[in-house]
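This report describes selected helices and their surroundings in one protein model. The sequence and structure are shown first.

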Amino acid sequence: MQTKNASYLANVLQTCIDHKSHKLGKLVQAHIFRTNQLSNTFLVNRLIELYSKCGNTPSARHLFDQMPLKNIFSYHAILDSYCKLNDLDNAFQVFDQMPERNPVSWNLVISMLSRNGLKEKALESYLSMRLSGFVPTHFTLASVLSACGGLANLRCGMECHGVAIKVALDGNLYVGNALLGMYMKCESIADAVVVFKDLPEHNEVSFTAMMEGLVEANHIDEAFGMFRLMHRMGIIDCVSLSSVLGVCSKSAADEFLVSDGIDEKRYKMHGKQIHGLLIKLGFESDLHVNNSLLDMYAKHGYMECAEMLFNSMSEVSVVSWNVMIAGYGKQYDIERVTECMQRMQSCGFEPDDVTYVNMLAACLKSGDVETGLRIFNSMSLPSLTSWNAILSGYSQNEYHREAVMLFREMQFRKVRPDRTTFAIILSCCAGMGLLEGGKQIHAALLKSDVSTDLYVASGMIGVYSKCGKIEAAKHIFNTVPQYDIVCWNSMLAGLSLNSLDREAFTFFQQMLGKGMSPTEFSYATVLNCCSSLSSLSQGRQVHGLIMKNGHANDVYVGTGLIDMYCKCGDVDGARQFFDTMPCKNTVTWNEMIHGYAQNGHGEDAVRLFENMIEASFKPDCITFVAVLTACSHSGLVDIGLRIFDTMMQEHGVEPVSDHYTCVIDSLGRAGRFNEVEEIIDKMGCKDDPIIWEVLLSSCRVHANVKLARRAANELFRLDPTNSASYSLMANMYSSLDRWDDVEDVRGVMEEWQVSKEPGYSWV
């Protein structure tokens, strides 16, 4: 009876696996537990396989750990689950624990490594497998050959080819296709052709691999010949059609691939013939094929044909819109690009970076500087406007060094810069703190007719301010014949940046006295000065002015007000303003949560964090630093741990050193050092000295000498000349009357020639 029941349950589980029926699997598991069949390894293995297929690896692992009897299939089931998740750490933990292995064990690990780009490690694992006496299977060789191709390691690939011949797998279609891909990626076309001819049979993958490899090697005619052979053999599918249309598109995109106008016309004709063929074969409604067809027409400049095809498509995607926008962008038809983008958005599609690919201005709006540079480089003779646009794109995206290099290239090409060019490059010099570069440009400006231009003067003030030369910045400001708000803002920001907050506030008053109307930037800067001075009265005056001038609804200004009130200790005032804000963003929520944390209102910070999530705002890494800091300072240890655990699981935010510091500080303050050690052992940022300093301070408070020594040793390793860690350690020993240990610490300090910095008072 038990055997019949087990057989029935096995069939039910197979059905669950086939249909990924997680709930039914849970019911079967409950029945297995209720009927004491946990020792039935076969049934439990199938359950683990089901949970793996359903993506529920934690349940699979829990079940695996409960198994009284495990066999190699049990290990394979949980290993496969981790490999599918690309969870390398847990996968190798299971792999190392296996009492026995077979080729399947190795295949799972090698495939995972190759898939995750760890090609070298995949080859190392393959070598270990061979040294262990296992014969590779077709799955092994396919993964290893993929790794060889990714590394362009022809020698290793040829060795695998030899192994395939030796174990009689060279005729296997799976291995043969992998060999084709490897040889093509290693640019060994002749070897790929030999492999292709020797294969006893071919499928769509074989032909597509050959076609794509030939195109990459610029053998366009041979690629078309391969497609014709596919057609004669009757094995064309949507992927092969897309690939051959890609050949047509590539021949249009890469001008050097065609020797003359006749070749170009011939490739265009090929594209039209393939269009007719795909209609004949019934692929005219396939989205992927239609997108490839659109791309072919767009890259050949047949935008009327592309528009007709686009309008006739039963289904479109973001890719479809991108191809259309790219086609018009290639023709520099800005009106049609703008119109197409508006249509795209009105249809509910959001543009991505590729949307702006063939229009330099649109590309810079998207922040895709690399694409912008490709567009720029495609211009035979860029205008000054084009130079300024690409330089501005670099500056806005903080590619300052690249912008300076491009500016030099601009000079080599004898292109004369204007006021916009100088302002952009000055901004880049300021961003890098490149004082000498700023001085050189200043010298060049003195010889030009734009030396007193307000736009350029603001840039010069920014350079000198960010490089700490505030007097030079003042001199430039005072020599400008007339001022605009940008110039005032630059000087105001320079004073604030150099911690001259009182002077900055006075300067702001002068600005108002001159009749200048402050902008959002002006208010944000002066509010920062009030925060630094902890001057609540001045902050309230600025708040009143903001309300009077109608800037209170600006998110940027509102965030500055919240920061000011919190840093001045008026958390209730900050929250009152926060609640009245009509528009908030993640930064606004972060500022208020951080304000609670700064002022010791941990529970309020946690409640606001929960409100933020309920309001559908996505927390970022700064949000978690703020709320974890609040938990640490308010003793909310368990709440902090719960929030920390949700970072990756629920919000997709990867913990970094700042988050670990908060959690370790929280646990350390509570004396929960066992949990601290568990977290430290798991975290990847062990070279951050702040984490160890926080831990050492907690150990001193709780007299945990063992862990303190570990923290101190890590600090000595990271920075042996820092006196702070030695002092903390010595003070802890002295508080415990361990004077011999104090002498040892001082001895180490003398050995490293470390001297304690003398203390001083502000009084």
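In this predicted model, helix α35 comprises 13 residues, 586-598. From its first C-alpha to its last, α35 reaches 18 Å, close to the 18 Å expected at 1.5 Å a residue. At the start of α35, a side-chain oxygen of N585 lies within 3.2 Å of the backbone nitrogen of V587. G600 follows α35 and has a positive phi, near 80 degrees.

The buried residues of α35 are T588, W589, N590, E591, M592, I593, G595, Y596 and A597. The elements that cover these buried residues include the four helices tabulated below.

| Covering helix | Residues |
|---|---|
| α33 | 555-567 |
| α34 | 571-580 |
| α36 | 602-614 |
| α37 | 621-634 |

A second region concerns a pair of helices, α3 (residues 41-53) and α5 (residues 72-84). Their axes come within 9 Å and cross at roughly 5 degrees. Because angles under 35 degrees count as roughly parallel, α3 is roughly parallel to α5. On the α3 side, the contact is made by T41, N45, I48, E49, S52 and K53; α5 contributes F73, S74, A77, I78, D80, S81 and K84. By class, the contact of α3 with α5 has four nonpolar, five polar and four charged residues.

Is T525 buried or exposed? T525 belongs to helix α31, residues 520-533. Its relative accessible area is 9%, so T525 is buried. Not counting residues up to four places away in sequence, T525 touches L492, A493 and S496.

Methods
Residues are numbered from 1 along each chain as its sequence is written. This is a predicted model: local features need pLDDT of at least 70, side-chain atom pairs count only at pLDDT 80 or more; totals for chains, interfaces and linings use all residues. Side-chain values use heavy atoms; hydrogens and water are left out. Helices (H or I, at least four residues) and strands (E, at least two) are DSSP runs, numbered from the N terminus. Buried means under 20% relative accessible area, exposed over 50%, partly exposed in between (1.4 Å probe, protein chains only). Contact means heavy atoms within 4.5 Å. Axes are lines fitted to C-alpha atoms, for helices over the stretch in contact, and angles run from 0 to 180 degrees between N-to-C directions. Angles under 35 degrees count as roughly parallel, over 145 as roughly antiparallel, 65 to 115 as roughly perpendicular and the rest as oblique. Ala, Val, Leu, Ile, Met, Phe, Trp, Tyr, Cys and Pro count as nonpolar, Asp, Glu, Lys and Arg as charged, and the others, Gly among them, as polar. The expected span of a helix is 1.5 Å times one less than its number of residues. A polar contact is a pair of N or O atoms within 3.5 Å; within protein, one must be able to donate a hydrogen and the other to accept it, and residues adjacent in sequence count only if both atoms are side-chain atoms.
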